[in-house]
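The exercises below are to be worked with the sequence and the model at hand. Each task is followed by a solution that goes step by step.

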Protein chains: 2
Amino acid sequence: MKTLLTQVQEIFDTERFLAEPKELYAPIDYTLRLGGKRIRPLLLLAANQMFDGDLSQVRNAALGIETFHNFTLLHDDLMDKSPLRRGQPTVYRKWDENTAILSGDTMFALAWRYFLRQSHARLQEILNCFNETAILVCEGQQYDMNFEHSGHITLSDYMEMIRLKTAVLLAGALKIGALYAEAPDSDIARLYDFGIHLGLAFQLQDDLLDSFGDVAVFGKKTGQDIRDNKKTYLYLKALETGAPAQRERLQALFSTTPAQDDDKVAEVLELYKILAIRRKTEEAVQEEFSLAKGALDAIQVDEQKKSVLRQLTETLLNRDK
Amino acid sequence: MKTLLTQVQEIFDTERFLAEPKELYAPIDYTLRLGGKRIRPLLLLAANQMFDGDLSQVRNAALGIETFHNFTLLHDDLMDKSPLRRGQPTVYRKWDENTAILSGDTMFALAWRYFLRQSHARLQEILNCFNETAILVCEGQQYDMNFEHSGHITLSDYMEMIRLKTAVLLAGALKIGALYAEAPDSDIARLYDFGIHLGLAFQLQDDLLDSFGDVAVFGKKTGQDIRDNKKTYLYLKALETGAPAQRERLQALFSTTPAQDDDKVAEVLELYKILAIRRKTEEAVQEEFSLAKGALDAIQVDEQKKSVLRQLTETLLNRDK
């Protein structure tokens, strides 16, 4: 896995994102150099190598998938009015809203440029997978925004939203890596399934860290989702589990104007504690993790070839930030 | 040409743009049903038929190019804070800014879905042409926004900006239509050249209509570019042609806060009259028109097959709205 990390690092270090007009490309360069975990290119390369693919064939696809992901972050940050990304000012804050819109649009097209740089026998299928994934990610973001204004979200609505907003892109990255290696369709389907459950576990883990992370390691204040009234898995599970009075209190707390209110965070966390929400969410993570593991087990390649994806999964789910 | 118009109409009438979540797709459906001249799909189909292409092969590409064009309008209207498009409220006004951002992003992906629906021997080349065109259009919009804040725009800066923002998409539509018909590369290059000059003439014509259009036919108030301090061909030509005092006066008039100021419009139009800006711009239109005609003349197909593009050119350049 270390080799893989080095390969991804090398791909991004040697690529140039600056061009003219600089007003358009400087924010793109800034965004793509902010770093991040580079999970999607890692998954794409890992899937490719599992089926004996050729790194030189997927280098551009790795750049493409990460460029697309960063485009969605750029526009999401504008829509959500988030001031920071990876500890740095977001593009719409550092520049302005129009820059965020247009540089984002251009990043989407640059992602396509990467995917179109090379030929491949299954190129149309690869591009279709990329594009249908992009559409689902947009739909997921729309559901996420709808949820802000809707009072009737169920846990299954939430799981469907994070499937679209987060999981399909991890699954898509894996599928694309495997398509480049011309893996058999049956294994590609298993790999996609693995990616979906990995993505769901990953997002639930994110929800957990936001409320229960170790501040020193997490690197930012915990409880932000609670302050923002975000209807996460934790909140919806507490609504489902709580007695009527607890449910009402929770809904009242999540109807206040978002503010830096530490009393509110403490009260919600206390409610979560009483209702064992941490353990219940950890169980949900484990369940998705088992489903992911089952899908990976079923793939018809030597166990030794699965070791990178197994390692990557462990790392992602045992992370503390 | 009437047949072609009917064909384009039929393509858009039979296509459905609604899906779930409706918050995402209703603005897309609204935008794509607002109509418009459908010039890009018309050009794509006309180019395809000129080289004996098959309509069933380019139906999706026609939808794709128009969906992309409408995506750029949707985001441009948000960036420019334009209240109206084709006489109707723009998406960011009818819904909100976030809707305009995300529905726009989705339209870009839907454009790709159309292009990816069918196979073609030259598909990668077609997709590359589409995508590189998209990138140039974004660069053109960035230059257009830069010009607002820059005091040193030359006529050649302006021509380069409208080449990127407008002309390359007309040229790209023609090239894609010809690629589907497997036209020879030499003719495709001529057709692209034709599209560039047609696009430049078209945009200069737009500038002219905004100042000198017949209000009754034009359908909206003339002089809006002057009220908005837009650095159009007319303005830049006047700066280039005018004596120092006239230049200074014009720059002063274009430095006032944009407002519904009819006195300012009258004074600028008077200056344009003194400097013969209308005639000079008409000459520039004619020059681009001649270059376009020359490129079309050089294409190696029967004259009769060029008649649709000739008709279309005449219609576009003799339009009064």
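**Exercise 1.** Which residues does Gly199(A) touch, not counting residues up to four places away in sequence?

Solution. This is a predicted model, in which local features need pLDDT of at least 70 and side-chain atom pairs count only at pLDDT 80 or more, while totals for chains, interfaces and linings use all residues. Residues are numbered from 1 along each chain as its sequence is written, chains are lettered from A in the order in which they are written, and side-chain values use heavy atoms, with hydrogens and water left out. Begin by placing Gly199(A) in helix α9 of chain A, where helices are DSSP runs of H or I with at least four residues, numbered from the N terminus. With contact taken as heavy atoms within 4.5 Å, Gly199(A) touches Thr166(A), Ala167(A) and Leu170(A), not counting residues up to four places away in sequence. Its relative accessible area is 0%, so Gly199(A) is buried; buried means under 20%, exposed over 50% and partly exposed in between, with a 1.4 Å probe and protein chains only.

**Exercise 2.** Set Gly53(A) beside Asp77(A), and describe the burial and the contacts of each residue.

Solution. Gly53(A) lies in the loop between α3 (39–50) and α4 of chain A, and at 25% relative accessibility Gly53(A) counts as partly exposed. The contacts of Gly53(A), again without residues up to four places away in sequence, are Asn48(A) and Ala181(A). The second of these partners is 128 residues away along the chain, yet the C-alpha atoms of Gly53(A) and Ala181(A) are separated by 4.3 Å. Turn next to Asp77(A), which lies in helix α4 (residues 55–80) of chain A and is buried, with a relative accessible area of 5%. Under the same exclusion of residues up to four places away, Asp77(A) touches Ser82(A), Arg85(A), Thr90(A) and Tyr92(A).

**Exercise 3.** At what angle do α2(A) and α6(A) pack, and how far apart are their axes?

Solution. Helix α2 (residues 22–33) and helix α6 (residues 97–116) of chain A pack at an angle of about 70 degrees, with their axes 9 Å apart. That makes α2(A) roughly perpendicular to α6(A), a term that covers angles of 65 to 115 degrees. Here axes are lines fitted to C-alpha atoms over the stretch in contact, and angles run from 0 to 180 degrees between N-to-C directions. To find the contact in the model, look among others for Tyr25(A), Ile28(A) and Leu32(A) in α2(A), and for Leu102(A), Thr106(A) and Leu110(A) in α6(A).

**Exercise 4.** Compare the expected span of α16(B) with the distance between its end C-alpha atoms, and then locate its kink.

Solution. The expected span is 1.5 Å times one less than the number of residues, so the 15 residues of helix α16 (residues 303–317) of chain B should span 21 Å, and the end C-alpha atoms, 20 Å apart, agree with this. The kink in α16(B) is about 30 degrees and is centred on Leu309(B), the bend being the angle between axes fitted to the seven residues ending at a residue and the seven starting there. Leu309(B) is also one of the buried residues of α16(B), and these buried residues pack against α3 (39–50), α8 (155–180), α9 (185–212) and α15 (277–297) of chain B.

How values were computed
Helices (H or I, at least four residues) and strands (E, at least two) are DSSP runs, numbered from the N terminus. Angles under 35 degrees count as roughly parallel, over 145 as roughly antiparallel, 65 to 115 as roughly perpendicular and the rest as oblique.
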